[in-house]
Amino acid sequence: MYHIAIYLYLFCVAVVSIFNEKVRKMWRGEREAVRILRQKVDPNARYVWFHAASLGEFEQGRPIMERLRKEHPEYKLLLTFFSPSGYEVRKNYEGADIVCYLPLDTIRNARRFLRAVRPELAFFIKYEFWYNYLHILKHRGVPVYSVSSIFRPGQIFFRWYGWEYGRVLKCFTHFFVQNEVSKELLSTIKINNVTITGDTRFDRVLHIKEQAKQLPIVESFVGNTAAGTTARCFIAGSSWQPDEDIFMKYFEQHHDWKLIIAPHVIDENHLRHIIGMTKRKVVRYTQTNEAEAKDADILIIDCFGILSSIYRYGTVAYVGGGFGEGIHNLPEAAVWNVPVFFGPNNRNFQEAQALKACGAGIEIGSYDDFSSQMNRLSASPEELQRLGTLAGEYVVSQAGATKKILSCVGL
């Protein structure tokens with residue numbers, strides 16, 4: 001059934017690629033991956049393979065890659081992506097020797113791919129369970145590690161009908177999971193090669209904080225108000241339209257706040273839509289300068305790569321996605337000691353639950369929720385500071401997964 005599903009998926013991707021540019025990039029990238037490997041792989045080198053589905057998983061694997069590169073230069077690193085949203089942003093990532101798409105998980109693709117690379121170790125990040133790749137890696141005796149993985153009762157592995165596909169989990173040398181629940185679930189299907197290490201993203205965001213970029217345009221934007229004082233600034237990161245429909249309405253009525261928006265999707269139609277939602281003065285990051293930004297009310301970040309540093313300038317943050325498939329990177333904002341808003345789809349995100357528990361994470365489900373919470377925080381600078389401190393302390397308390405993982409692997 002798995003192989004039938006893979007080939008049906010392959011057919012659908014081929015058809016959809018005719019009409020969809022994003023899918024077309026993925027389709028082309030997957031077909032070119034083996035050719036790229038044959039051109040770039042050094043036959044005398046020792047490779048460690050990291051696979052991430054998309055950009056979020058890449059950020060979880062990145063601390064391990066960078067520490068491995070620094071401490072074990074005898075290895076070269078191969079990084080693969082499944083999604084264009086990861087590959088297109090990180091295809092020039094200098095921390096890996098080769099970056100490419102992962103061909104779809106057919107037996108033929110898996111054999112050709114692994115024959116071209118011959119990795120000595122493999123790290124699959126979070127949710128990646130490719131049946132053919134993993135079985136061939138196991139057959140070849142290649143150690144494979146699942147990193148920052150998290151398991152829930154509803155997953156197929158723990159259903160009565162999922163036992164056949166669940167055998168893929170037996171291919172892993174070790175699981176480095178985020179929490180006790182994941183470890184207990186795996187034990188119910190007799191998988192005990194498990195260590196609770198937490199989420200490597202916390203190591204990553206702390207490193208980003210240490211290496212944060214200075215952004216003169218943003219500094220100019222937040223540095224002055226009409227009265228000559230530092231502005232209170234609300235930063236919306238990775239926002240989608242349902243998020244924007246809520247907070248844009250609020251800030252149209254509250255001019256004592258400045259607003260920075262870094263949309264998850266950066267295309268002209270979406271950016272024009274955001275600009276059309278306000279009568280306040282708007283500038284775009286790539287089309288402005290420090291003097292213009294100084295007098296603007298709203299700054300739209302129309303490029304990638306700087307959001308993690310922008311959060312440092314915020315009084316309050318909002319992380320988007322919670323009205324869709326799920327929220328984006330909460331620790332990236334919380335590390336800067338700011339309380340964080342997010343939408344209602346957060347039950348499967350343990351960092352959201354932890355931040356809510358300490359008060360530093362604020363769930364909203366409607367405009368009225370958002371308005372009420374913003375008014376509460378606006379009226380109490382002391383409460384703002386207290387919740388921001390709790391957010392930062394939570395991130396620090398969760399650090400250390402990278403060191404634990406590499407120690408267990410023996411690197």
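Ala 333 counts as buried, because its relative accessibility is 0%, which is under the 20% limit for that class. This residue belongs to a predicted model, and Ala 333 is found in helix H15, which covers residues 330–334. The points below begin with this residue and two other buried ones, then turn to paired strands, a helix and its end, and finally a pocket and a cavity.

**Three buried residues**

- Although Ala 333 and Ser 308 are 25 residues apart in sequence, their C-alpha atoms are 7.1 Å apart in space.
- Ser 309 has its place in helix H14, made up of residues 307–310, and Ser 309 counts as buried because its relative accessibility is 3%, again under 20%.
- From that position, the side chain of Ser 309 reaches the backbone nitrogen of Lys 213, at 3.1 Å.
- Ala 96 is found in a loop, namely the one between helix H4 (84–90) and strand S3 (98–101).
- Ala 96 is buried because its relative accessible area is 9%, a value under the 20% limit.
- The C-alpha atoms of Ala 96 and Thr 80 are separated by 9.8 Å, while the two residues are 16 residues apart along the chain.

**Strand S1 and its partners**

- Strand S1, formed by residues 46–52, is largely enclosed by the rest of the structure, because six of its seven residues are buried.
- S1 pairs with strand S2 (residues 75–81) in the parallel sense, and seven bridges are found between them.
- Together with helix H3, the strands S1 and S2 make a right-handed β-α-β unit.
- S1 is also joined to strand S4 (residues 121–125) by four bridges, and these two strands run parallel.
- Val 48 appears in both pairings of S1, since this residue stands opposite Leu 77 in S2 and opposite Leu 121 in S4.

**Strand S8 and its partners**

- Strand S8, which spans residues 232–239, is mostly covered, with seven of its eight residues buried.
- Seven bridges join S8 to strand S9 (residues 257–263), and the two strands run parallel.
- In this pairing, Phe 234 stands opposite Leu 259 in S9.
- S8 and S9, taken with helix H11 (residues 241–253), make a right-handed β-α-β unit.
- S8 also pairs with strand S12 (residues 316–319), in the parallel sense and over four bridges.
- In the pairing with S12, Ile 235 stands opposite Ala 317.
- As a general point, the side chains of a regular strand alternate between the two faces of the sheet.

**Helix H6 and its end**

- Helix H6 runs over residues 131–139, and its buried residues are Tyr 131, Asn 132, Tyr 133, Leu 134, Ile 136 and Leu 137.
- Just after H6 comes Gly 141, which takes a positive phi of about 75 degrees.

**The second largest pocket**

- The second largest pocket holds about 210 Å³ of space.
- Two or more residues of the lining of this pocket come from each of helix H3 (55–71), helix H9 (201–210) and helix H19 (401–409).
- H9 gives the largest share of that lining, with four residues.
- The lining residues of the second largest pocket are Pro 63, Glu 66, Arg 67, Asp 203, Arg 204, Leu 206, His 207, Gly 400, Thr 402 and Lys 403.
- By character, the lining of the second largest pocket divides into five charged, three polar and two nonpolar residues.

**The cavity**

- The structure holds one cavity of 30 Å³ or more, and the largest cavity contains about 40 Å³ of space.
- The largest cavity is lined by Lys 126, Ile 150, Arg 152, Gln 178, Asp 199, Arg 201, Asn 348, Phe 349, Gln 350 and Glu 351.
- The lining of the largest cavity divides into five charged, three polar and two nonpolar residues.

Definitions and conventions:
Residues numbered from 1 in each chain as written. Predicted model: local features only at pLDDT ≥ 70, side-chain atom pairs only at ≥ 80, totals over all residues. Heavy atoms only, no water. Buried < 20%, exposed > 50% of the residue type's maximum accessible area, 1.4 Å probe, protein only. Pairing = 2+ DSSP bridges. Right-handed = clockwise from strand over helix to strand, strands pointing away. 1 Å grid on protein atoms, 1.4 Å probe; cavity = no way out; pocket = protein on both sides within 12 Å on 5 of 7 lines; lining within 4 Å. Points joined across faces, edges and corners; volume = space filled by probe spheres on them. Nonpolar A, V, L, I, M, F, W, Y, C, P; charged D, E, K, R; others polar. Polar contact = N/O pair within 3.5 Å; in protein donor to acceptor, adjacent residues only side chain to side chain.
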